[in-house]
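Trainee: I would like to take a close look at one part of this model, and I would be glad of a careful, connected account.

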Amino acid sequence: MSAWLEHRIPPPVLGAVVAAGMWALVATGGLLPLPDFGPRLLLTGLLVATGLAFDLAGLRAFLARRTTVNPMRPERATSLVTDGVYRITRNPMYIGMVFLLLAWGLYLADAAVLVLGPVVYMLYLNRFQIGPEERVLLGLFGDEYRDYMARVRRWL
């Protein structure tokens with residue numbers, strides 16, 4: 001059954017579902033409200049900007065190499081992207097979503113959802129998206145991808 005979930009939910013859709021769940025938890029009373037502090041909205045904006053920067057840098061690198069950006073079809077990859085933001089992380093677009101979820105949790109002002117949302121997103125992706133992607137990329141690019149995995153972390 002769990003193998004059926006591999007590459008089934010597009011990561012942006014998963015992010016939206018997690019964000020909705022975070023909102024629902026807060027709307028029903030919250031779990032651990034954050035005290036109001038002055039720079040909360042500024043920090044939220046910085047997290048959004050960081051998330052969008054990772055997302056756009058990853059997208060730009062894929063488009064420059066003319067390879068697929070569709071995470072549901074990694075077998076369509078025509079080249080291995082290892083430059084630009086991909087020198088820092090193997091999954092910048094997923095990291096971008098984590099930063100956006102952190103921003104959302106901070107905006108919602110609940111410490112529990114601030115942590116819970118991004119952790120749920122990352123755990124799901126590790127098991128049902130990234131692991132299967134890595135198997136496909138190893139099949140496509142072999143030692144080149146294995147060397148890249150040894151040099152660059154999955155997250156940060």
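How are α3 and α4 oriented to each other, roughly parallel or roughly antiparallel, and why?

Mentor: Before turning to the helices, please keep in mind that this is a predicted model, in which local features need pLDDT of at least 70 and side-chain atom pairs count only at pLDDT 80 or more, while totals for chains, interfaces and linings use all residues. Residues are numbered from 1 along each chain as its sequence is written, and side-chain values use heavy atoms, with hydrogens and water left out.

The axes of α3 and α4 come within 8 Å and cross at roughly 165°, where axes are lines fitted to C-alpha atoms, for helices over the stretch in contact, and angles run from 0 to 180 degrees between N-to-C directions. The two helices, α3 and α4, are therefore roughly antiparallel to each other, since angles over 145 degrees count as roughly antiparallel, those under 35 as roughly parallel, 65 to 115 as roughly perpendicular and the rest as oblique. The names of the helices follow DSSP runs (H or I, at least four residues, for helices; E, at least two, for strands), numbered from the N terminus. In passing α4, α3 makes a right-handed crossing; a crossing has this name if the near helix is turned clockwise from the far one by less than a right angle, and is left-handed if anticlockwise.

On the other side of this pairing in our account stands α2, for α2 (residues 40-65) and α3 (residues 92-108) pack at an angle of about 165°, with their axes 8 Å apart. These helices, α2 and α3, are therefore also roughly antiparallel to each other, although α2 passes α3 in a left-handed crossing.

Helix α4 (residues 111-151) also takes part in contacts with the segment before α1 (11-27). Side chains of opposite charge can pair when their charged atoms come close. R127 forms a salt bridge with E6 (a side-chain nitrogen of Lys or Arg within 4 Å of a carboxyl oxygen of Asp or Glu), and the closest N and O atoms are 2.9 Å apart. This pair links distant parts of the chain, with R127 in α4 and E6 in the segment before α1, 121 residues apart. R127 is partly exposed because its relative accessible area is 33%, buried meaning under 20%, exposed over 50% and partly exposed in between (1.4 Å probe, protein chains only). The side chains of R135 and E6 meet in a salt bridge as well, at 2.8 Å from N to O. Here too the pair links distant parts of the chain, R135 in α4 and E6 in the segment before α1, 129 residues apart.

A further salt bridge joins the side chains of E75 and R73 at 2.5 Å, N to O; R73 is partly exposed, with a relative accessible area of 34%, and E75, at 37% relative accessibility, also counts as partly exposed. Salt bridges that share partners join E6, R127 and R135 into one network, and a search of the whole structure finds 8 salt bridges.

The segment before α1 also holds H7, which has a positive phi of about 55° although it is not a glycine. Most residues other than glycine have a negative phi, and most peptide bonds are trans. At 17% relative accessibility, H7 counts as buried.
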